[in-house]
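Got a few minutes and a structure to poke at? Here are some exercises, each with a solution you can follow one step at a time.

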Amino acid sequence: MAMATASADPLSATFSALADPTRRAILARLVDGEAGVTELAAPFAMSMPAVSKHLKVLERAGLIERSRQAQWRPCRLAPEPLKEVAEWVERYRELWEERLDRLDAYLSELQRGASDDRGESEEVAGRDGTEEANDGRGR
């Protein structure tokens with residue numbers, strides 16, 4: 001069933017694969033070039049079967065490709081699904097930047113208005129206080 005979901009919605013399969021920190025660390029290592037399963041497993045305190053399961057998830061999501069060269073089974077990064085994620089995220093980044101720019105402009109406008117109001121209030125308070133002080137002195 002997971003395989004059907006992956007082929008029907010590759011973006012979800014990619015996000016699902018990226019949700020695990022171990023799989024993200026494996027992908028980060030593969031940025032430097034292909035590596036065997038043993039090398040990929042070295043930094044993790046887990047069994048080889050557990051690492052193999054992670055690799056299968058990455059492979060089903062299309063994030064890695066595995067081949068066989070005699071006894072060596074190298075894995076390499078397949079960046080196409082990451083490009084699709086980046087494009088998807090970019091649409092939302094643009095949306096949120098526009099919204100945050102509008103919020104920033106609105107807050108700047110409020111601050112200008114508040115500082116203008118404060119300036120007028122202080123002037124009025126200063127005049128009133130001076131007049132009271134003069135009235136109190138009998139002038």
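What follows is a set of short tasks on the model above, each with its solution.

Before you start: this is a predicted model, in which local features need pLDDT of at least 70 and side-chain atom pairs count only at pLDDT 80 or more, while totals for chains, interfaces and linings use all residues. Residues are numbered from 1 along each chain as its sequence is written, and side-chain values use heavy atoms, with hydrogens and water left out.

**Exercise 1: the layout**

Work out how many helices and strands the protein chain has, and in what pattern they come along the sequence.

Solution. Start by counting: the protein chain has six helices and two strands. (Both are DSSP runs numbered from the N terminus, with H or I over at least four residues for helices and E over at least two for strands.) Next, walk along the sequence, and you'll read α-α-α-α-α-β-β-α. Last, look at contacts, meaning heavy atoms within 4.5 Å. Among those between residues at least 6 apart in sequence, 51% join residues at least 24 apart.

**Exercise 2: the core**

Find the largest nonpolar core and say which helices each supply at least two of its residues.

Solution. First, get the term straight: a nonpolar core is a set of buried Ala, Val, Leu, Ile, Met, Phe, Trp, Tyr and Cys residues joined through side-chain atoms within 4.5 Å. Buried means under 20% relative accessible area, exposed means over 50%, and partly exposed is in between (1.4 Å probe, protein chains only). By that rule, 22% of the 139 residues of the protein chain are buried.

Now the core itself: the largest one has 19 residues, and those with the most contacts inside it are Ile26, Leu30, Leu40, Leu55, Leu58, Leu63 and Ile64. The helices α2 (10-18), α3 (21-30), α4 (37-41) and α5 (48-60) each supply at least two residues of this core. That goes with a general tendency: in soluble globular proteins, nonpolar side chains tend to be buried together.

Finally, zoom in on Leu63. Leaving out residues up to four places away in sequence, Leu63 touches Thr14, Ala17, Leu18, Leu27, Leu58, Arg76, Leu77, Ala78, Pro81 and Leu82.

**Exercise 3: the rings**

Find the aromatic pairs and say which residues the ring pairs link into a cluster.

Solution. Rings of Phe, Tyr and Trp (its six-membered ring) pair if their centres lie within 6.5 Å; planes under 30 degrees apart count as stacked, over 60 as edge-to-face and the rest as tilted. A search of the whole structure turns up two aromatic pairs.

Take Phe15 and Trp88 to begin with: they are edge-to-face, 5.3 Å centre to centre with 70° between the planes. Phe15 sits in helix α2 and Trp88 in helix α6, so this pair ties together parts that are 73 residues apart in sequence. Phe15 is partly exposed at 33% relative accessibility, and Trp88 is partly exposed at 30%.

Then move on to Trp88 and Tyr92, a tilted pair at 4.7 Å centre to centre and 45° between the planes. These two are four residues apart in helix α6, so about one helical turn separates them. Put the pairs together and Phe15, Trp88 and Tyr92 form a cluster.

**Exercise 4: the salt bridges**

Say how many salt bridges the structure holds, then locate the partners of Glu39 and Arg76 named below.

Solution. A salt bridge is a side-chain nitrogen of Lys or Arg within 4 Å of a carboxyl oxygen of Asp or Glu. The structure holds seven of them.

Step one: Glu39 pairs with Arg29, and their closest N and O atoms are 2.5 Å apart. Glu39 is in helix α4 and Arg29 in helix α3, so the bridge ties together parts that are ten residues apart in sequence.

Step two: Arg76 and Glu34 meet at 3.4 Å, N to O. Arg76 is in strand β2 (residues 75-77) and Glu34 in the loop between α3 and α4, so this bridge ties together parts that are 42 residues apart in sequence.

Step three: Glu97 and Arg93 form a bridge too, with closest N and O atoms 2.4 Å apart. They are four residues apart in helix α6, so about one helical turn lies between them. Glu97 is partly exposed at 40% relative accessible area, and Arg93 is partly exposed at 35%.
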